[in-house]
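Colleague: I'm new to reading protein structures. Could you walk me through one and show me how to make sense of its features?

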Amino acid sequence: MVRKTLIAGNWKMNELLSDGIALAKGVAEENKKATRKDCEILICPPFTLLMAIKKAIRGSKVMLGAQDCHFAEKGAHTGDISPEMLKDLGCQYVIVGHSERRTNHKESNALIAKKAEAAIRAGLKVIICIGETEAEKNAGKTIEVCRNQIMGSVPTASTAANTVIAYEPVWAIGTGRTPTASEVEEVHAAIRQIIASKLGRANANKMRVLYGGSMKPNNAKSLLSLADVDGGLIGGASLKVADFMAIAAASKQ
Ligand code: PEP
């Protein structure tokens with residue numbers, strides 16, 4: 001089963017206008033020069049930069065995504081952004097359910113499912129993040145947590161064409177620590193089984209499951225070469241052109 005590798009950069013709440021444009025242009029230029037086989041490159045800047053970055057990557061194959069959305073199409077939701085607005089702006093993807101939103105904004109699985117469903121309604125592809133905390137890992141609950149999050153935050157409208165799952169152990173995000181390759185492979189294989197039980201085997205076989213959490217140039221190859229790992233969601237290393245593109249160069253396609 002060939003699933004096209006996706007290398008996605010989550011810039012989080014980083015970069016002002018000029019640095020953001022320079023970063024995006026750098027990624028677009030390096031991507032044009034890349035000699036590796038094809039893989040999809042996505043950058044997800046903060047909302048404030050989306051319009052400028054859209055212009056900065058014009059004419060390249062780099063895709064644009066956002067880091068969150070509301071579930072409503074429009075209305076009285078001060079400070080929120082609808083998926084239709086993101087689509088209108090030229091976004092192709094939106095991340096939902098990142099652990100920083102689950103924790104800092106108390107987002108529930110049910111809310112994340114509503115956001116994901118709304119993003120699909122608007123014609124966006126959605127990256128739904130899941131992953132266990134360190135305490136849950138130590139209690140041997142990694143698969144159980146992933147199952148509950150997939151069952152609760154992946155909407156029934158999800159298919160392999162409109163949804164990507166990102167497995168991001170919370171304890172690995174921004175810490176420089178990662179699970180071992182065999183742990184990642186075991187969890188990704190389990191995630192694919194859980195997707196099959198929710199959305200059917202055909203969707204599970206084709207749906208991309210990314211790994212996220214301290215992916216860097218020096219560990220990218222060992223993570224990205226795993227059979228059930230279809231790309232990466234990259235935080236810190238996506239803020240440096242050379243690091244982000246070195247990760248892309250380590251992709252298996
Ligand atoms: C993330 O937050 O999605 C992430 C993977 O961050 P980092 O790569 O910095 O661990």
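**Salt bridges, the ligand and two buried residues**

Modeller: Let's begin with charged pairs: there are 14 salt bridges in this structure. Keep in mind that the model is a predicted one.

Colleague: How do I read a salt bridge, and which residue does Arg3 pair with?

Modeller: The idea is a side-chain nitrogen of Lys or Arg within 4 Å of a carboxyl oxygen of Asp or Glu. Here, Arg3 pairs with Asp230, and their closest N and O atoms are 2.8 Å apart. Now look at where the two sit: Arg3 is in the segment before strand 1 (6-10), while Asp230 is in the loop between helix 10 (217-224) and strand 8 (231-234). That's 227 residues apart, so the pair links distant parts of the chain.

Colleague: Are Arg3 and Asp230 buried or exposed?

Modeller: Both Arg3 and Asp230 are buried.

Colleague: What about Lys115? Which residue is its salt-bridge partner?

Modeller: That's Asp68, again with closest N and O atoms 2.8 Å apart. Lys115 belongs to helix 5 (residues 109-121) and Asp68 to the loop between strand 3 and helix 3, so this bridge ties together parts 47 residues apart in sequence. Lys115 and Asp68 are both buried.

Colleague: And how far apart in the chain are Lys137 and Glu183?

Modeller: They're 46 residues apart, with Lys137 in helix 6 (residues 134-138) and Glu183 in helix 8 (residues 181-199). Their salt bridge has its closest N and O atoms 3.1 Å apart.

Colleague: Why do you call Lys137 partly exposed?

Modeller: You check the percentage: under 20% is buried, over 50% is exposed, and partly exposed is in between. Lys137 has a relative accessible area of 26%, so it's partly exposed. Glu183, at 28%, is partly exposed too.

Colleague: Which residues are joined into one network by shared partners?

Modeller: Arg3, Arg192, Asp228 and Asp230 are, through salt bridges that share partners.

Colleague: Let's turn to the ligand. Which residues come nearest to it?

Modeller: There are 14 residues around the ligand, and the nearest are Lys12, His98, Glu168, Gly174 and Ser214. Sorting that shell by character gives 4 nonpolar, 8 polar and 2 charged residues.

Colleague: How do I spot a polar contact there, say with Ser214?

Modeller: Look for N or O atoms within 3.5 Å of each other. A polar backbone atom of Ser214 is 2.7 Å from a ligand oxygen. Gly235 also has a polar backbone atom, 2.8 Å from an oxygen of the ligand. For Gly236, a backbone N or O atom is 2.8 Å from a ligand oxygen. As for cover, the ligand taken alone exposes 290 Å², and the protein buries 97% of that.

Colleague: Where is His70 found?

Modeller: His70 is in the loop between strand 3 (63-66) and helix 3 (83-89). With 12% relative accessibility, His70 counts as buried. Its side chain makes a polar contact of 3.3 Å with the side chain of His77. Leaving aside neighbours within four places in sequence, the residues in contact with His70 include Lys115 and Ala118.

Colleague: One last case: is Cys44 buried or exposed?

Modeller: Cys44 is buried, at 0% relative accessibility, and you'll find it in strand 2 (residues 40-44). The C-alpha atoms of Cys44 and Trp11 are 6.0 Å apart, though 33 residues separate the two along the chain. Beyond neighbours within four places in sequence, Cys44 is in contact with several residues, among them Gly9, Trp11, Gly65 and Ile95.

Technical notes:
Residues are numbered from 1 along each chain as its sequence is written. This is a predicted model: local features need pLDDT of at least 70, side-chain atom pairs count only at pLDDT 80 or more; totals for chains, interfaces and linings use all residues. Side-chain values use heavy atoms; hydrogens and water are left out. Helices (H or I, at least four residues) and strands (E, at least two) are DSSP runs, numbered from the N terminus. Buried means under 20% relative accessible area, exposed over 50%, partly exposed in between (1.4 Å probe, protein chains only). A polar contact is a pair of N or O atoms within 3.5 Å; within protein, one must be able to donate a hydrogen and the other to accept it, and residues adjacent in sequence count only if both atoms are side-chain atoms. Contact means heavy atoms within 4.5 Å. A residue is near a molecule or strand if one of its heavy atoms lies within 4 Å of it. Accessible areas come from the Shrake-Rupley method with a 1.4 Å probe; for residues, only the protein chains shown count as cover. Ala, Val, Leu, Ile, Met, Phe, Trp, Tyr, Cys and Pro count as nonpolar, Asp, Glu, Lys and Arg as charged, and the others, Gly among them, as polar.
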